[in-house]
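Visitor: Could you zoom in on one part of this model for me, a spot where charged side chains come together, and then walk me outward from there? I'd like the numbers along with the picture.

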Amino acid sequence: MGTTEAAPSHEPDVHYDRVHEAWRLILGSEFHYGYFVPSGIPLVDATAALTEQMLQRAGITPGARVLDVGCGTGHQSCQLASEHGAEVLGITTSGTGVAAATELAASRGLATARFEQRDGTANGLPDASFDVVWALESSHLMRDRKGLLSESARVLVPGGRFVLCDIIRRREIPFLEVRERRDEFALLRSVYGDAHMLPLDDYAAMLTEVGMEVDDLTDISDETLPTFAAWRANCEEHADEITRLIGADGLDEYVRSTHVLEAFWNDRTLGYGILRATKPA
Ligand SMILES: C[S@@+](CC[C@H](N)C(=O)[O-])C[C@H]1O[C@@H](n2cnc3c(N)ncnc32)[C@H](O)[C@@H]1O
């Protein structure tokens with residue numbers, strides 16, 4: 001690397017700006033895992049099915065004020081506004097994400113989905129101003145997890161619901177094993193940024209600490225496992241375009257990362273969870 005070349009950043013906003021376009025081709029318009037029920041469905045249906053799992057728990061009614069924390073490209077915020085009549089504020093630390101999401105809402109003529117660049121762990125929004133806080137696969141990028149959960153509880157009205165799904169850690173990883181598998185962890189960090197996975201029970205404990213009542217905690221690791229094969233298929237199908245965006249090394253790293261994650265899923269190191277908590281009325 002030359003002296004004038006900046007080191008690649010692992011800060012979430014810089015990282016997301018860099019890979020945004022390539023990820024659209026690999027992950028699809030929804031930047032998250034798929035829920036493959038029934039098994040064998042295409043990725044686009046599986047990512048929609050994961051969103052549906054969140055919707056079932058969120059119970060969004062027309063006019064509900066929804067905060068979408070880590071809104072990605074705004075796909076779900078727009079869906080919540082257009083299909084469920086919600087008034088959505090999507091927040092993300094990525095400037096590119098805010099621009100793409102704002103453009104998407106404008107192209108659909110949606111005045112009820114707005115987007116702002118804010119940090120979910122210190123959102124600066126007024127107390128008790130949302131009926132639902134929605135965090136779809138964004139929490140693993142927030143080192144201050146307690147900040148995310150306490151801020152989410154703070155901005156909810158009494159009786160409001162918090163729904164979250166994300167990658168989870170399913171067992172303790174001994175220090176020696178971390179050392180032995182350091183290349184695998186380094187690869188994941190290079191591809192996905194500075195991610196920190198926690199057990200589902202830790203989320204429950206922290207939510208209880210901030211005064212929320214946890215009423216659902218579900219492990220959906222098996223249902224999300226086929227995601228990796230689907231991402232690899234997209235890498236193959238769009239190899240030329242992805243190479244143009246992130247280089248041959250970027251593409252190769254991405255494909256290798258899917259194998260690492262798949263192995264972590266299979267040996268029950270990592271997996272996927274979904275939860276709902278309610279703010280007492
Ligand atoms: C994997 S994407 C998920 C996007 C979207 N929820 C979806 O499922 O399509 C993670 C999102 O979290 C955002 N993010 C990361 N750290 C954040 C933070 N501290 N506050 C708000 N958003 C954050 C990223 O910019 C990105 O938009």
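Guide: Let's start with Arg 181 and Glu 184, whose side chains meet in a salt bridge, with N to O at 3.4 Å. Keep in mind that this is a predicted model, so treat the distances as computed ones. Arg 181 is buried, at 13% relative accessible area, while Glu 184 comes out partly exposed, at 26%.

Arg 181 has another partner too: Asp 267, with 3.2 Å between the closest N and O atoms of that salt bridge. What does this pair tie together? Arg 181 sits in the loop between α6 (175-180) and α7 (182-192), and Asp 267 sits in the loop between α11 (239-266) and β7 (270-278), so the bridge links parts that are 86 residues apart in sequence. Asp 267 is partly exposed, with a relative accessibility of 34%.

Now widen the view a little. Arg 181, Glu 184 and Asp 267 belong to a network of salt bridges that also takes in Arg 171 and Glu 177. While you're at the Asp 267 end, have a look at Arg 268, which lies in that loop between α11 and β7 as well. Arg 268 isn't a glycine, yet its phi is positive, at about 65°.

The whole structure holds 20 salt bridges, and another one worth a click is Glu 151 with Arg 154, at 2.8 Å from N to O. Both residues are in helix α5 (residues 145-155), three residues apart, so about one helical turn separates them. Glu 151 is buried at 12% relative accessible area, whereas Arg 154 counts as partly exposed at 26%.

Backbone oddities next, since Arg 268 has company. Ala 128 also has a positive phi, about 45° here, without being a glycine. You'll find Ala 128 in the loop between β3 and β4 (130-136), partly exposed at 36% relative accessibility. Then there's the peptide bond between Val 37 and Pro 38, which is cis, with omega at about 0°. Pro 38 is in the loop between α1 (12-27) and α2 (43-58).

From the loops, go to the strands. Strand β1 (residues 65-69) and β2 run parallel, joined by five bridges, and in that pairing Asp 68 stands opposite Gly 90 of β2. Together with helix α3 (residues 75-84), β1 and β2 make a right-handed β-α-β unit. Strand β2 also pairs with strand β3 (residues 113-117), again parallel and with five bridges; there, Val 88 faces Ala 113 in β3. Between β2 and β3 the chain crosses through helix α4 (residues 95-107), and that β-α-β crossover is right-handed. How covered is strand β2 (residues 87-92)? It's mostly covered, with five of its six residues buried.

Asp 68 turns up again when you look at Trp 134. Leaving aside neighbours within four places in sequence, Trp 134 is in contact with a dozen-odd names worth browsing, including Val 66, Leu 67, Asp 68 and Val 69, along with Thr 51, Met 54, Ile 60, Leu 80 and Val 163. The largest nonpolar core has 58 residues, and within it Ile 60 and Trp 134 touch the most other members. Apart from that core lies another, of 25 residues, with Phe 130, Leu 198, Leu 200 and Met 212 among them.

Last stop, the cysteines. How many disulfides does the structure hold? Zero. Take Cys 78: it's in no disulfide, and the nearest cysteine sulfur, on Cys 71, is 9.2 Å away. The cut-off used for a disulfide is 2.5 Å between sulfurs. Cys 78 is buried, at 0% relative accessible area, and Cys 235 counts as buried too, at 3%.

If you go back to where we began, keep Arg 181 in the middle of the picture: a buried side chain, bridged to Glu 184 and to Asp 267.

How values were computed:
Residues numbered from 1 in each chain as written. Predicted model: local features only at pLDDT ≥ 70, side-chain atom pairs only at ≥ 80, totals over all residues. Heavy atoms only, no water. Buried < 20%, exposed > 50% of the residue type's maximum accessible area, 1.4 Å probe, protein only. Helix = DSSP H or I, 4+ residues; strand = E, 2+ residues; numbered from the N terminus. Pairing = 2+ DSSP bridges. Right-handed = clockwise from strand over helix to strand, strands pointing away. Salt bridge = Lys/Arg side-chain N within 4 Å of Asp/Glu carboxyl O. Core = buried A, V, L, I, M, F, W, Y, C linked by side-chain atoms within 4.5 Å. Contact = heavy atoms within 4.5 Å.
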